[in-house]
Amino acid sequence: MTSGLRKGLTSYGDPGFSLFLRKILIKSMGYSDDSLERPIVGITNTFSDFNPCHGNVPAMIDAIQRGVMLEGALPMVFPTISLGEPFCHPTAMFLRNLMSMDTEEMIRAQPMDAVVVVGGCDKTLPAQVMAAVSVDLPTIVLPVGPMLVGHHKGDAVGACTDCRRFWAEHRAGRIDTAEMGQITGRLAPSVGTCGVMGTAGTMACLIEALGLSLPMSASVPSSHADRLRIAEATGRRAAGIAASCGPRPSELITEASVRNAMTVLQAIGGSTNGLIHLVAMAGRGGVCVDLKTFDELGRRVPVLLNIKPSGAHYMEDFHYAGGMPALLRELAPHLDLTTPVIGGGTIRDVIETAEQIPTQDVIRTLAAPHSAQGAMAVLFGNLAPDGAVIKQSAASPALMKHTGRAVVFDSIEDLTKRIDDPSLDVLAEDVLVLRNAGPKGAPGMPEAGYLPIPVNLAQQGVKDMVRISDARMSGTAFGTIVLHVAPESAVGGPLAIVQTGDRIALDVEGRRIQLLVDEAEIQSRLAAWKASPPRREKPVRGYARLFQDSVLQANQGCDFDFLLREGPDSRS
Ligand code: FES
């Protein structure tokens, strides 16, 4: 089998000439013949001025390169798309599949024997793993790590759960503009990913549980010296998997490891986005994430982590409490301990390295969990035939069984226009409904599911209401919020025919979300919608057109239909 510089030669019709030309040009950068004979480890560079979460990537790349060279291989850094969550319009989720395609094709196209993918900000790690699973080259994942904890008026604070809390207080008139200005400099005191169990933290934990990264990779703070030591160790291990041609992602992403990841997602109080991304990552390997199985796990697996938004602490605290190895040790009765990990050995071996920190209150035990049930419940009913999800660990217990009058917003624009209108007819016990915010409807399924509490209610002290949409919400958000309603309204899902004034019943314990309208009336409204669907502008060209034509629903991971593995890739 060819390796190193000889891999994947450019097609000139003369392989000898292709290698000759490749050597001429690479030598212009000063490489010796000796270095060019070594196994090659590719390293993705996702540094971008538009992605502050990845601000430590240059230093990490230096450390990875050092590790690769200590093992006698040749590191080669190459750029890919980088997605900074708050800097992408309309939403980074719209671009996740583009990043996965870019990463996949650049790994395929360039000569490397193994690859280190360095990512962190919400959509980057899932995009990179989706790519890695599709290529199936030996891959090791290195998260950039969470940012440090901030402080304001004596309290620990962190992006972005506290960003939302402060913003809600500001909207309600309890924090003035001057203090908000001060707060902007305190919520994100270092580069790195959000400091709570948002989507970035969730994905880093799931990836460690899947065995794709080295132990403790998910939690070492971005600016801690250990982050660079893990980067160096990752580089060393990458050289090892390049030499041994494995393990490959297909050996790590299996039914058993994906079930472990589902269990971890429930136990960490993980982001609802984590479920969509797990479906997509596993789907690339032909492994199905069954939503009902995920829900059943949630009835048995409690939330063990006391981290915001479900708990009180931060990712940095999780690290000092022992990180993922310690969490896996507590969760062991619910895990398959025989699944292999990229560092060698199995999850059982990782657990054996876990530190015991006697006084910590971040990683709870099965006997004394943070919440009795898992983070998420999957709901079905006539409003969500293909499922919807609620993060019950961050919802209000008083609203978990609730019936109320629907107040419907037809789009994100409609929501923006009317939510704070003083004449809006809305009460605290109503159910706010947002539609046309799903994968095709918005498009890109933005994080608009965290509908703001109407300002007149917020000023009266209302902090939570039942909210339902086909959108997503940030993993850092909280509230009694039903998300990912599938099928979405833009393709004729039942959310499309809800009218203001209809009654909606939410029953989290019963896993039901029902529109309390006569079945004949529902069918008549759906038929009318189908006969004359609302006119929607369809993009005529480019990536937006590809997205609109190809994106799958939330319960299918929002991947593109043509990227799922249905048979061997014709090029592999
Ligand atoms: Fe990048 Fe939160 S904005 S991880």
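In which sense do strands β3 and β4 pair, and over how many bridges? In this predicted model, strand β3, made up of residues 114-119, runs alongside β4 in the parallel sense, and the two are joined over five bridges. Between these strands the chain passes through helix α5, residues 124-135, and the resulting β-α-β crossover is right-handed. Within the pairing, V116 of the one strand has I140 in β4 as its bridge partner. Strand β4 itself, residues 139-143, has five of its five residues buried, and it is therefore largely enclosed by the rest of the structure. Its side chains are divided between two directions, with T139, V141 and P143 pointing one way and I140 and L142 the other way, and all of them are buried.

The residue V116 appears again in the description of the nonpolar interior. The largest nonpolar core holds 104 residues, and those that touch the most other members are V116, V264, L275, F318, M324 and L327. In soluble globular proteins, nonpolar side chains tend to be buried together. For M324, when the neighbours within four places in sequence are left aside, the residues in contact are C205, E208, A209, A218, V264 and F318. A second core, separate from the largest one, consists of 29 residues, among them L383, A388, V431 and L506.

M324 also belongs to helix α15, which spans residues 323-331 and is largely enclosed by the rest of the structure, because eight of its nine residues are buried. These buried residues are G323, M324, P325, A326, L327, L328, E330 and L331, and the elements that cover them include α8 (199-209), α11 (255-267), α14 (315-320) and α16 (347-352). In helix α6, residues 161-171, the buried residues are T161, D162, F166 and R171. Their cover includes the strands β5 (150-152) and β6 (155-157) together with the helices α7 (177-184) and α18. After α6 comes G173, a residue with a positive phi, near 85°.

Aromatic side chains were examined next. A search of the whole structure gives ten aromatic pairs. One of them is formed by Y12 and F17, whose ring centres are 5.8 Å apart and whose planes meet at 65°, an arrangement that is edge-to-face. Y12 has a relative accessible area of 47% and is partly exposed, while F17, at 37% relative accessibility, also counts as partly exposed. A further edge-to-face pair is that of Y450 and F478, with 5.9 Å from centre to centre and 70° between the planes. This pair links distant parts of the chain, since Y450 lies in the loop between β10 (431-434) and α18 (455-459) and F478 in the loop between β11 (466-469) and β12 (481-483), 28 residues apart. F478 counts as partly exposed, because its relative accessibility is 25% and the partly exposed range lies between 20% and 50%. Ring pairs also link F94, Y543, F547, F560 and F562 into a cluster.

Charged side chains are placed over two of the rings in the model. R467 lies over the face of Y450, the ring that also pairs with F478, at 5.6 Å from the ring centre. Likewise, the charged end of K292 sits over the ring of F380, at 5.0 Å from the centre of that ring.

Note on methods. Residues numbered from 1 in each chain as written. Predicted model: local features only at pLDDT ≥ 70, side-chain atom pairs only at ≥ 80, totals over all residues. Heavy atoms only, no water. Buried < 20%, exposed > 50% of the residue type's maximum accessible area, 1.4 Å probe, protein only. Helix = DSSP H or I, 4+ residues; strand = E, 2+ residues; numbered from the N terminus. Pairing = 2+ DSSP bridges. Right-handed = clockwise from strand over helix to strand, strands pointing away. Phe/Tyr/Trp six-rings, centres within 6.5 Å; stacked < 30°, edge-to-face > 60°. Lys NZ or Arg CZ within 6 Å of the ring centre and 35° of its normal. Core = buried A, V, L, I, M, F, W, Y, C linked by side-chain atoms within 4.5 Å. Contact = heavy atoms within 4.5 Å.
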